[in-house]
Amino acid sequence: MDTVLFRKNKRVKLELATGGVSANKGRKTTKYVFCRMILLALLLFGMILGCIPLTLSYHLLGHIYLDKAEWDKAIAQYTRAIEVDTKDAVAYNNRGLAYRQKGQLDNAIADYSKAIEINPRDAVAYYNRGYAYGQKGQMDTDIADYSKAIEINPKYAKAYYRRGLAYREKGQLDAAIADYDKAIENDPKYSMAYNNRGYAYIQKTQLDTGIADLNKAIELDPKYARAYANRGYAYGQKGQWDSEIADLDKAIELDPKYVAAYGNRAYAYSQKGQWDTAIANYDKTIELDPKYAEAYNNRGHVYGQKGQWDTAIADYDKAIELNPKFAAAYGNRALAYGQKMQWDMEIADLNKVIELDPNNAIAYNNRGYAYGQKGKLDTAIADYDKAIELDPKYARVYANRGDAYGQKGQWDVEITDLSKAIGLDPKDALSYNSRGYAYNHKGQSDLAIADLNKAIELDPKFAAAYNNRGYAYGQKGQLDTAIADYDKAIELDPKYPVAYDNRGYAYVQKGQKNLAIADLNMVISLSRDAGLTQQAKQKLAELQK
């Protein structure tokens, strides 16, 4: 069965700049609060004396409320300013900021549009409206507004940066990089531009260039958690798991609630085979974000690696509950059911994967395997045909289709498919083993041995290949060599009933009755194949007469 997983690992998102006035982020000091109280008192005193214009007072109060993240109070102040002066473009722009922070994007856009109507050369209003359109997912309109802001102010670094983010969302990485270049040209200390340009290079698989940008982002802002996380991701793409983990450790130190960093660190640990540490990190990810479907899916995969299939299935269940259209979770749950030999459950999940993703060649391949396990070989072959139609270079599906033809006794067709699989993937020990098996059935022992030698060279711990080569040597009458191969197969897999059965038959041929009886008893105790067990019992009865 194909071992390709349907894993979807949610990686680090890009850094998003705050538009316009941003909140203080809780870094209020006693001095700051005291100064703000003095400013409020002075404002009230000035308003009473009439020495501060009302509109300026409303603006100052609105700004204070924006700074405190008290959006409704800010809106009220800017509304008063607009009532006094309906042509106050700044008031419309800032009220738009407050609406955007409340998630009222249409109201925000209306206010930005009014500011632009009053002052068509207001680059900031175009920038802010573009930001709001971006939050609504209207990337083309978003880009158009940033372009207008840049036309008005060609040195507007933030507008280049935000337009770069929009291009990235559209998958136009070269355009995004060009805009990040301009942002950096106009603001050489723009750490977020370096971070996102680095991420874009990573997406283009230019990993070293990406890492260089992330190094610069970290140099400019040593407390930039996201830059460490993104650099860690780049190291992971290079297979440098320890370096990734070190960067993610730093990101988490800087931001202990950084959900994606825990998820990525879990993935890195899983790649190192440190399953329990990976699970602990996924646990933390889920603790911070209980609705993170990908984290449940990925934790399920790790439990599967530990052979804890029921626990894995429970995690996939949760991922699917959170996201009923999560094709990867259905695919992984199907694999878990397959490990439990619950073929109907596996097929049901793969049906769902295909419903959600009709062009998923892996799903067709895996469903074909499940049908093959149920003995529905023609249905299995039809699924393999579809997988090949979708992905003609999918080596494993040719091998699986070949095995299905072999089960139908069509050895030449099997050999053709396996030869195709080997041509596409010359390092696939499974395909060499299967083709050797087919040659054995055709009585072509030397061809079988050549293929099985190759399988063992590629995977020295491949018990089935030793067993099958032993069979080929037995067919050539080289019983001692055959027994040596069966010995090795059993050493690698002490619960391998077919190897005991074959060795027992070799001992019968050599007249070593007691050794044959011992092996046949092992077959009977280990085998879950009723036919093999019955055959062993019959041989045993004959030997004990």
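This briefing covers the overall form of the protein and the packing of one pair of helices. The model is predicted, so local features need pLDDT of at least 70 and side-chain atom pairs count only at pLDDT 80 or more, while totals for chains, interfaces and linings use all residues. Residues are numbered from 1 along each chain as its sequence is written, and side-chain values use heavy atoms, with hydrogens and water left out.

**Overall form**

- The protein has 30 helices and 0 strands, where helices (H or I, at least four residues) and strands (E, at least two) are DSSP runs numbered from the N terminus.
- The radius of gyration, taken over C-alpha atoms, is 33 Å, against near 24 Å for a compact globule of 545 residues, the globule rule being 2.2 Å times the number of residues to the power 0.38.
- Along its principal axes, the C-alpha trace spans about 120 × 45 × 40 Å.

**Helices H16 and H17**

- Helix H16 (residues 293-305) and helix H17 (residues 309-322) pack at an angle of about 165 degrees with their axes 8 Å apart, the axes being lines fitted to C-alpha atoms over the stretch in contact and the angles running from 0 to 180 degrees between N-to-C directions.
- That angle makes H16 roughly antiparallel to H17, a term for angles over 145 degrees.
- Among the residues in contact (heavy atoms within 4.5 Å) are Tyr296, Arg299 and Tyr303 of H16, and Trp309, Asp315 and Leu322 of H17.
- The residues of this contact divide into 8 nonpolar, 5 polar and 3 charged, with Ala, Val, Leu, Ile, Met, Phe, Trp, Tyr, Cys and Pro counted as nonpolar, Asp, Glu, Lys and Arg as charged, and the others, Gly among them, as polar.

Note on methods. Angles under 35 degrees count as roughly parallel, over 145 as roughly antiparallel, 65 to 115 as roughly perpendicular and the rest as oblique.
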